[in-house]
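Work through the exercises below with the sequence and the model side by side. Each task is followed by a solution in steps.

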Amino acid sequence: MKSKTEFLHGMRDGLPIALGYFAVAFSLGITARNAGINWIQGFIMSMLNNASAGEYAGIAAIKSHASYLELVLLILITNARYLLMSTALSQHLSPDLPWYHRLLIGFDITDEQFGIGIAHLAPLPPQYLYGSYLLTIPGWAGGTAVGIIAGNLLPSIVVTALSAAIFGMFIAVIIPPARHSRTIMILIIVSFAASGLLSLIPAIASISESLRIIILTVIISVAAALLRPVDDEKEAV
């Protein structure tokens with residue numbers, strides 16, 4: 001009975017997340033459609049990779065005809081933060097929880113799922129997250145599929161306008177933390193500037209876009225970790 005109650009509570013808390021996922025994934029679907037991905041492929045892709053930045057990076061790699069190795073590395077690096085979230089959330093689980101529950105929980109640890117999971121009283125029952133997953137995963141995958149279908153039906157001018165919506169989502173993600181951290185603001189500026197400069201250098205511009213993103217992400221992340229560790233960051237804007 002307790003497991004059923006936790007499952008229903010997870011569905012309750014997962015509903016608003018699922019609605020938000022659907023809206024964001026719709027824009028992602030427009031982008032996927034422009035990369036030549038059909039709605040079935042988009043649905044399966046989003047079922048297996050519930051991550052906006054990681055999936056967008058994967059779509060960009062597919063569109064640029066990147067190699068499988070580049071695709072794997074790009075998504076691995078883009079989604080690396082979920083390894084940290086999973087590690088933190090594992091401390092919130094019962095020490096006796098079987099490995100298969102941990103594996104299933106780790107399948108869909110996103111920013112939002114991590115947030116509601118870590119806010120739950122410990123030990124976190126897996127049924128709570130399963131209830132949330134029941135709505136959020138189809139919400140994300142369904143939004144992608146509907147976005148692709150809409151992209152095939154809507155006029156080209158509307159599709160072009162909707163394609164810009166995904167960038168609005170990314171701006172909404174980076175601006176709030178940048179307002180409170182000078183380090184993050186500087187890193188964002190450096191990332192944009194470095195990406196633009198590298199695309200103008202002939203020897204580097206010939207490298208695929210996905211490989212340039214991998215190189216920049218690794219270099220800037222390592223430099224930031226060495227020069228401005230999180231524990232040392234004390235200033236705020």
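**Exercise 1. Place Y56 and give its exposure.**

Step 1. Y56 lies in helix 3, residues 52-63. Helices here are DSSP runs of H or I with at least four residues, strands are runs of E with at least two, and both are numbered from the N terminus.

Step 2. Y56 has 22% relative accessibility and therefore counts as partly exposed. The classes are buried (under 20% relative accessible area), exposed (over 50%) and partly exposed (in between), with a 1.4 Å probe and protein chains only.

Step 3. In sequence Y56 and T31 are 25 residues apart, and their C-alpha atoms are 7.9 Å apart in space.

Before going on, note that this is a predicted model, in which local features need pLDDT of at least 70 and side-chain atom pairs count only at pLDDT 80 or more, while totals for chains, interfaces and linings use all residues. Residues are numbered from 1 along each chain as its sequence is written, and side-chain values use heavy atoms, without hydrogens and water.

**Exercise 2. Describe the chain as a whole.**

Step 1. Count the elements: the chain has 13 helices and zero strands.

Step 2. Take the burial: 36% of the 237 residues count as buried.

**Exercise 3. Examine two loops for unusual backbone values.**

Step 1. H65 is in the loop between helix 3 and helix 4. Its phi is near 60°, a positive value in a residue other than glycine. The relative accessible area of H65 is 73%, so H65 is exposed.

Step 2. P123 sits in the loop between helix 7 (111-119) and helix 8. The peptide bond that leads from A122 to P123 is cis, with omega near -5°.

**Exercise 4. Find the aromatic pairs and classify each.**

Step 1. A pair of aromatic rings is described by the distance of the centres and the angle of the planes. Rings of Phe, Tyr and Trp (its six-membered ring) pair if their centres lie within 6.5 Å; planes under 30 degrees apart are stacked, over 60 edge-to-face, and the rest tilted.

Step 2. Searching the whole structure gives two aromatic pairs. In one, the ring centres of Y21 and W140 are 5.6 Å apart and the planes stand at 80°, so this pair is edge-to-face.

Step 3. Y21 belongs to helix 1 (residues 2-34) and W140 to helix 8, so the pair ties together parts that are 119 residues apart in sequence. Y21 is buried, at 7% relative accessibility, and W140 is buried as well, with a relative accessible area of 2%.

Step 4. W99 and Y100 have ring centres 6.0 Å apart and planes at 85°, so they too are edge-to-face. W99 counts as exposed at 64% relative accessibility, whereas Y100, at 42%, counts as partly exposed.

**Exercise 5. Which residues form the nonpolar surface patch, and which helix gives the largest share?**

Step 1. Patch residues have over 30% relative accessible area and no salt bridge; like charges are joined within 9 Å, and nonpolar side chains (Val, Leu, Ile, Met, Phe, Trp, Tyr) within 5 Å.

Step 2. The members are W39, I40, F43, I44, M47, L48, F107, I149 and L153, and together they have about 890 Å² of accessible area. Helix 2 (39-48) and helix 8 (126-153) are the elements that give two or more residues to this patch. Areas come from the Shrake-Rupley method with a 1.4 Å probe; for residues, only the protein chains shown count as cover.

Step 3. Helix 2 gives the largest share, six residues. I44 is placed in helix 2 and is partly exposed, with a relative accessible area of 46%.

**Exercise 6. Locate the salt bridge.**

Step 1. The criterion is a side-chain nitrogen of Lys or Arg within 4 Å of a carboxyl oxygen of Asp or Glu.

Step 2. The structure holds one salt bridge: the side chains of R12 and D13 meet at 3.0 Å, N to O. D13 counts as partly exposed, at 22% relative accessibility.

**Exercise 7. Describe A178.**

Step 1. A178 is in helix 10 (residues 165-180) and counts as buried, at 6% relative accessibility.

Step 2. I188 is ten residues from A178 along the chain, and their C-alpha atoms are separated by 8.0 Å.
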